[in-house]
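Trainee: I have a new chain to read and little practice. Can we work through it together, one question at a time?

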Amino acid sequence: MRKLGTGLASVLSGLNMFELAVKPNKVQADAVTDKTLKEESSQRQFGDKFAIFGKIIPVNEKQAFIKSVKAVNYRRDPNNPDKALRTPPPTIKGYQVSKKDQVENYDQNSNLVIPPTDPSQDTYLIYQKSKSSLRNDSIKVNKQVKDKG
């Protein structure tokens, strides 16, 4: 009986080792971070090639980057992963999308950015300070002048 138990245990451990060698390693759920999930959603691998989309990059009237604002990738068509969809522009506190001198692929009626013919190209979307933000800035300046005077 003792020999049978020892032999059975060694066979079972051998089968477990074989199973581990044959099965691919799986990633534990806690090893995947939000950052990797976001990167995968913006640039998914299809076979051996990457379908890379451009970004919507917010700039001010002087074509300078707006600080502390992240660019947004074009949305991907779920039915055709190589096709970019119209994408809403990023919302920036104190700014609004400029109506004048805007890039031609921004649709003012729908407030969507139309992807360029080459979806890997970036779009520089012009923003201007919103009127409420300008009013608050002038109130602050007037208050500072009164405090000094």
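Mentor: Start with a charge and a ring, and keep in mind that this is a predicted model. The charged end of Arg-76 sits over the ring of Phe-53. A charge counts as over a ring if it is within 6 Å of the ring centre and within 35 degrees of the ring normal. Here the distance to the centre is 4.2 Å.

Trainee: How many helices and strands does the chain have?

Mentor: Walk from the N terminus. Two α elements come at the start, then the β elements, and an α element ends the run. The totals are 3 helices and 10 strands.

Trainee: In what order do the strands of the open sheet lie?

Mentor: The sheet has 4 strands, and their pairing is mixed. E4 (72-73) and E7 (95-97) stand at the edges, because each has a single partner strand. One side of each is therefore left without a neighbour in the sheet. The order is E4-E3-E10-E7.

Trainee: In which sense does E3 pair with E4, and in which sense with E10?

Mentor: Take E3, residues 55-59, and look at E4. That pairing is antiparallel, over 2 bridges. Now turn to E10. E3 and E10 pair over 4 bridges, and the sense is parallel.

Trainee: Which residues of E4 stand opposite Lys-55 and Ile-56?

Mentor: Lys-55 stands opposite Asn-73 in E4. For Ile-56, the bridge partner in E4 is Val-72.

Trainee: And which residue of E10 is the bridge partner of Val-59?

Mentor: Val-59 looks to E10 for its partner. E10 covers residues 123-129. The partner is Ile-126.

Trainee: How many residues of E3 are buried?

Mentor: Buried means under 20% relative accessible area. E3 is mostly covered. In the chain as a whole, buried residues make up 21% of the 149 residues. In E3 the count is 4 of its 5 residues.

Trainee: Which residues does Asn-60 touch, leaving out those up to four places away in sequence?

Mentor: Asn-60 lies in the loop between E3 and E4. A polar atom of its side chain lies 3.0 Å from the backbone nitrogen of Lys-62. Beyond those sequence neighbours, Asn-60 touches Ile-66, Ile-126 and Tyr-127.

Trainee: Is the aromatic pair stacked, edge-to-face or tilted?

Mentor: The structure holds 1 aromatic pair. The ring centres of Phe-65 and Tyr-124 are 6.3 Å apart, and the planes stand at 50 degrees. Planes under 30 degrees apart count as stacked and those over 60 as edge-to-face, so this pair is tilted.

Trainee: How many residues apart are the two partners?

Mentor: The pair links distant parts of the chain. Phe-65 is in the loop between E3 and E4, while Tyr-124 is in strand E10. They are 59 residues apart.

Trainee: Is Phe-65 buried or exposed?

Mentor: The cut-off for exposed is over 50%. Its ring partner Tyr-124 has a relative accessible area of 37%, so Tyr-124 is partly exposed. Phe-65 has 58%, so Phe-65 counts as exposed.

Trainee: Where is Asn-111, and what is its phi?

Mentor: Asn-111 lies in the loop between E8 (106-107) and E9 (112-113). Most residues other than glycine have a negative phi. Gln-63, in the loop between E3 and E4, has a positive phi near 65 degrees. The phi of Asn-111 is also positive, near 55 degrees.

Terms used:
Residues numbered from 1 in each chain as written. Predicted model: local features only at pLDDT ≥ 70, side-chain atom pairs only at ≥ 80, totals over all residues. Heavy atoms only, no water. Buried < 20%, exposed > 50% of the residue type's maximum accessible area, 1.4 Å probe, protein only. Pairing = 2+ DSSP bridges. Polar contact = N/O pair within 3.5 Å; in protein donor to acceptor, adjacent residues only side chain to side chain. Contact = heavy atoms within 4.5 Å. Phe/Tyr/Trp six-rings, centres within 6.5 Å; stacked < 30°, edge-to-face > 60°.
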